[in-house]
Amino acid sequence: MAKSSKKMKVQIRPATPADVEACGRIIFESFNEVSKQHNFPCDFPSVKISTQLAGLLINDSLVFSIVAEVDGSVVGCNFLHERHPIRSVGPISIAPDFQSRGIGRRLMIKIMDRAQGSLGIRLIQETQNIVSIALYTSLGFDIKDSLFLIKGKPKTPFQKNGIDVRPLALEDVKICTKICLEVCGFERSQEVENAVKYSSPFAAFHGNRLIAYSSSMTMWMTNHCVAKTEEDMKTLIVGTGNLSSEPLSFLLPVRHVNIFRWCMTEGFRIYKPFTLMAMGKYIEPNGIYFPSANF
Ligand SMILES: CC(C)(COP(=O)(O)OP(=O)(O)OC[C@H]1O[C@@H](n2cnc3c(N)ncnc32)[C@H](O)[C@@H]1OP(=O)(O)O)[C@@H](O)C(=O)NCCC(=O)NCCS
């Protein structure tokens, strides 16, 4: 039952492992409701998956996790990822009965206070969600990119032409850091290192020179990709498609119009639109960059 905002006393506090189940349920229910409204697939297919995510985030010392409580019950949560100089936010979610009462705003302000002094804050927003885009914009976030979630496999078979696509190794992390810095102005080395240990990252090499990499091109939420040129990125996509048994999935900024058009001719499908928003320092990519669900 919805509560009147006048009677509500909202407390914002750090999340603890005891909050994992409540946060998992709220993430699932709130995102599922938005997806149903717009007839888009939900990013969290079950409570089990969203609870696993809540557990990972709340137990991660490099994620600042907070909850909102009303009358002793958790009704919302939000997360600030502090692993990189660029901070990223999300997922923020408020239980459906408690939405539109200013709780999301309070959870965002707390996270923004915590991120004071960082290089910048970023988030990826589901474009169709007019409430969240209104909230983030009014808080000072700017729209920086339009993205599409793209899934599928390229039709074109991989042809070497002097370029190798192969799994990333730990010794490649340094060069990934360098290319990420050159293209994006920040690095994601810890994430690339983790991807080598726990996921399936790939890179394209021209001779010994790394020209493009992806951290996990079959899992868009944790994947980011960097390349110097459009051709390098296309080669990486074709090579990775050739080596992966799973379909590829990634967030493609529509600014890369030639890659976008090429993806359509290669048989990829568009799933839904997203928006990259940022506050603080923002450097325009000097090359090709596909963000993860964080930034
Ligand atoms: C998005 C979400 C976190 C926002 O939390 P909330 O507690 O409902 O939001 P708040 O009440 O704090 O703030 C919403 C703001 O949007 C404004 N808003 C809502 N609809 C609007 C519209 N159509 N046009 C302009 N502004 C609008 C409200 O007026 C309010 O601003 P105000 O504080 O100046 O009045 C919450 O709705 C939610 O959990 N949604 C489902 C999960 C989700 O989508 N998460 C974000 C993914 S990007």
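This is a short walk through one structure, from a helix to some loops and then to a set of paired strands. Keep in mind as you look that the model is predicted.

Let's start with helix 1, which covers residues 20-38. That makes 19 residues, and from the first C-alpha to the last the helix reaches 27 Å. At 1.5 Å a residue you would expect 27 Å, so the helix comes out close to that. Now look at which of its residues are tucked away: V20, A22, C23, G24, I26, I27, F28, S30 and V34 are buried. What covers them? Among the elements doing the covering are helix 2 (47-58), strand 2 (63-70) and strand 3 (73-81). Strand 5 (93-94) and strand 6 are also included in that cover. Just past the end of helix 1 you'll meet N39, which takes a positive phi of about 55°.

Next, some loops. Between strand 4 (86-89) and strand 5 there is a loop that holds P91. Have a look at the peptide bond joining G90 and P91: it is cis, with omega at about 0°.

Carry on to the loop between strand 5 and helix 3 (103-114), and you'll find S100. S100 isn't a glycine, yet its phi is positive, near 60°. Is S100 buried or exposed? A residue counts as exposed if 12 or fewer other C-beta atoms lie within 10 Å of its own. S100 has 11 within that distance, so it is exposed.

Further along, N161 makes a good companion to S100. N161 sits in the loop between strand 7 and strand 8 (163-167). Here too phi is positive in a residue other than glycine, this time near 45°. And because just 7 other C-beta atoms lie within 10 Å of N161, this residue is exposed as well.

Finally, let's turn to the strands, with strand 13 (residues 269-280) as our guide. Which strands does it pair with? One of them is strand 6 (residues 120-126), which runs antiparallel to strand 13 and is joined to it by 7 bridges. To find a spot where they meet, pick out I121, whose bridge partner in strand 13 is M279. You've come across strand 6 already, as part of what covers the buried residues of helix 1.

Strand 7 (residues 142-152) pairs with strand 13 too, again antiparallel, through 9 bridges. Here you can look for L147, which has F274 as its bridge partner in strand 13. So strand 13 is joined by bridges to strand 6 and to strand 7.

How values were computed:
Residues numbered from 1 in each chain as written. Predicted model: local features only at pLDDT ≥ 70, side-chain atom pairs only at ≥ 80, totals over all residues. Pairing = 2+ DSSP bridges. Helix = DSSP H or I, 4+ residues; strand = E, 2+ residues; numbered from the N terminus. Buried ≥ 20, exposed ≤ 12 C-beta atoms within 10 Å, placed from the backbone. Contact = placed C-beta atoms within 7 Å.
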